[in-house]
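Work through the exercises below with the sequence and the model side by side. Try each task before reading its solution.

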Amino acid sequence: MGEEGLFLDGVKIALGGRVLVELTREVPPGEVLTVMGPSGSGKSSLLAYLAGFLDPAFGASGRAWVDGIEITALPAEERHAGVLFQDPLLFPHMDVAGNLIFALPQSLKSRAARRAQAEAALEGVGLAGMGDRDPATLSGGQKARVALARVLLSAPRMLLLDEPFSKLDMELRQQMRTLVFDKARERGLPVLLVTHDEADAEAAGGEIVRIGS
Amino acid sequence: MLNRLGPTLTILLLTGPIAFGLAGTVLPALGFLPALDGMKFTLAHLRDLFSEPAILISAGLSLVAGVVTAFLSLLAVMLFVAGFAGTRAFGRVQHLVSPLLSLPHAAAAFALAFLIAPSGMLARLVSPEMTGWERPPDLLIVNDPMGLSMMAGLVVKEIPFLLLMTLAALPQVPLRETRMLTASLGYGRVAGFVLGSWPAIYRQIRLPVFAVIAFASSVVDVAMILGPTRTAPLAARLVTWMNDPDLSMRYLASAGALLQLAVTGLALAFWLGLERLGAALSKRAAIRGWRFNQDALLRAAGLAMMILSAGIVFAGLATLALWSFAGLWQFPDALPASFTLRTWMRMLPSILEPLQTTLLAGLLSTLIASVLAILCLMHEEETGRRPGRGALTLLYLPLLVPQVAFVFGLQLLLIYAGVLATLPALVLAHLVFVMPYAYLSLKEPWYAFDRRYDWIAASLGKGRARRFFSVRLPVMTRAVLTMAAVGFAVSVGLYLPTVLVGAGRLTTVTTEAVALASGGNGRVIGVYAFWQMLLPMMGFAVATFVPALIFRRFRGMQV
């Protein structure tokens, strides 16, 4: 499996003997695979399985590779899966810069360099100079952008998106979609998007898989 | 790794002392006490026990105290919740009553005593104008032979406990909807609640109610302060035998502890009968369709009992505070003639050591209990298995088995091990009682934590330790400190385990205060009661203000 991108090999998720998802797909770098389905269809469980925190109540099998590395054999913290949920989930006890610096790999030692990277990441999402702010004081759109900047700083190998735009209002939603997919393409990250919003799938532009209907 | 040890260690720490303690109690009662060459089975000690004067009256007092205390406290809480849940008054009374939860039983008992005694505040307020009393009347109000004041002292402390337990169960029943439904059918507020919502709530608070029965039927400290003195309740008599320098009295004490087990068991069995009776009565009421829609009096009674119980304790504590600063204070003056710091100054040297022991035992047992509670909860979360009914009963075990019945045997083992009256032994004994409360207080907030924070941190490449110390613990600071405050308050209030394991050489503010009970010196008792009240309060103050201070910049961290 020397090739780049995300490869799902017979990934199967079941709950109480009922198979929810069964999937074999390839997602090349910079492209998006959209999984659509109603709530309870198991699309979020698929994402949780890939990220490494699926509830033990589910039964899961199959393997997944990213850039030739089998991630399903690794603990969650070594998978480098950048996850975005519908809530931004900024850590409430850290300021904006603290949230970003927390995401940086430990290999980057110098405090000044860490600070500078966080500052640059903020600029990259149009929030220059907001590092000292309490995340609770940001608007919904600003929080979403900080969450995106945080994920990108952690040097992910892929992006896993769990309806990340559903809580934003119409205009903001379109902006965020463009921003997220542009960043993914720019960095050559394979993206798995789960959603029930047709417009999300359309904006993603990649293959669409429908489950649980 | 570590969190797999959590449940195992906790089970060992809870069941070990209880199992060995019970064995160490029961065996001597049947004649086995190797230290005193007792190696033969005999029923002689049980016979001796029953030839003790008025032993059955003592047992009866304990039995009645257990059932009556639980009944009155539960009735007050039920009527109050029935009449006022969802109203503004409910929140106010809740705020009035909640702080009493952290008050040690002994302090509440002293508060009641100094309020209602013949020379107490109530008598002073109405004398001599209304009573003509120029001197304290010769009435046996406190320490009355029927144990009424003792039960009152227990009720005022158990009401806050049962109210808090009920509040925790409330969110799990559709209270508002049930009320609207029963009201539209024409049921009164109280009847609608008792028939519609109470069964589901009661099922949740059954173990705490059992704990109240077990505690009240075997209470020692409140009994020594407020209870009958000539024929004391069983547990209080046992403790005098246990502390008797004549070692052969240990056989008698053991036999008595066995009787105590039976009495508490009987009280619980009697309660089970009451449960059935209550269920049958409400079923009958429901079938007949009795509406009970004229229930203003019942609701008022519920409210009155809540306010009265809290008011009594606060007024009594204020009286004790006055005493501790009082110069000359003659009957029937309502206030001291002068105020002085002399009592405080005089007490200072002798209170330092008990204070130190209280703090050390409290902080150490709380620390260990907190770590274990967190490990247990982490383990549950990881395996996705919540503890079942059995595990929960196990957790309540130290609160359901009468303290005298197993701590006495535990004392014996500690003597054998040569560690009696050492700090580690005291911490272990306290841990048995602190552990259940620590776990129960952390459980809800632990599960309320949004686990996606943890997942986000994992996906950002952070390992388990880093996730715990950088995300979970800081976000949960308030809940963890509150758990610690609860545990510390429990430890400060523990009387019997401290007396038996401390063996008079390690004393805390609570054991010192109770030891002063018979002297009736208001000034000195006032100082000790003040510390008993202050220490738990300081714990809760830390739990409130420290997180507010650390996270003052972050709005998302405010309550």
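Which residue just after H3(A) takes a positive phi? A:Gly126 does, with a phi of about 75°. The model is a predicted one, in which local features need pLDDT of at least 70, side-chain atom pairs count only at pLDDT 80 or more, and totals for chains, interfaces and linings use all residues. Residues are numbered from 1 along each chain as its sequence is written, while chains are lettered from A and ligands numbered from 1 in the order in which they are written.

**Exercise 1. Describe helix H3 of chain A and its two sides.**

Step 1: extent. H3(A) covers residues 111-124, 14 residues in total. Helices (H or I, at least four residues) and strands (E, at least two) are DSSP runs, numbered from the N terminus. From first C-alpha to last, H3(A) reaches 20 Å, close to the 20 Å expected at 1.5 Å a residue; the expected span is 1.5 Å times one less than the number of residues.

Step 2: burial. A residue is buried if 20 or more other C-beta atoms, placed from the backbone, lie within 10 Å of its own, exposed if 12 or fewer, and partly exposed in between. In H3(A), the buried residues are A:Ala118, A:Ala121 and A:Leu122. Seen down the helix axis, they fall within an arc of 100°, so they line one face of H3(A). The arc is taken over the directions from the helix axis to the C-beta atoms. A:Ala112, A:Ala113 and A:Ala116 are exposed on the other side.

Step 3: neighbours. The buried residues of H3(A) pack against helix H2 (96-103) and helix H4 (140-153) of chain A.

**Exercise 2. Work out the antiparallel sheet of chain A.**

Step 1: order. Four strands form an open sheet in the order E2-E1-E4-E5 (chain A); two strands pair if DSSP finds at least two bridges between them. E2 and strand E5 (69-70) of chain A are at the edges, each with a single partner strand, so one side of each has no neighbour in the sheet.

Step 2: partners of E1(A). Strand E1 (residues 6-15) of chain A is joined by eight bridges to strand E2 (residues 18-27) of chain A, and A:Leu8 stands opposite A:Arg25. Two residues separate E1(A) and E2(A) in a hairpin, and A:Gly16 in the turn has a positive phi of about 55°. Eight bridges also join E1(A) to strand E4 (residues 58-66) of chain A, where A:Phe7 stands opposite A:Trp65.

**Exercise 3. Work out the parallel sheet of chain A.**

Step 1: order. Five strands run E6-E7-E8-E3-E9 in an open sheet. Strand E6 (81-84) and strand E9 (207-210) of chain A are the edge strands, each pairing on one side only.

Step 2: one pair. E6(A) and strand E7 (residues 158-162) of chain A pair over four bridges, with A:Met158 as the bridge partner of A:Ala81.

**Exercise 4. Characterise the side of chain B that touches chain A.**

Step 1: count. 22 residues of chain B are in contact with 25 residues of chain A, contact meaning C-beta atoms, placed from the backbone, within 7 Å.

Step 2: source. H19(B) gives the most to this side, with six residues.

Technical notes
Contact = placed C-beta atoms within 7 Å.
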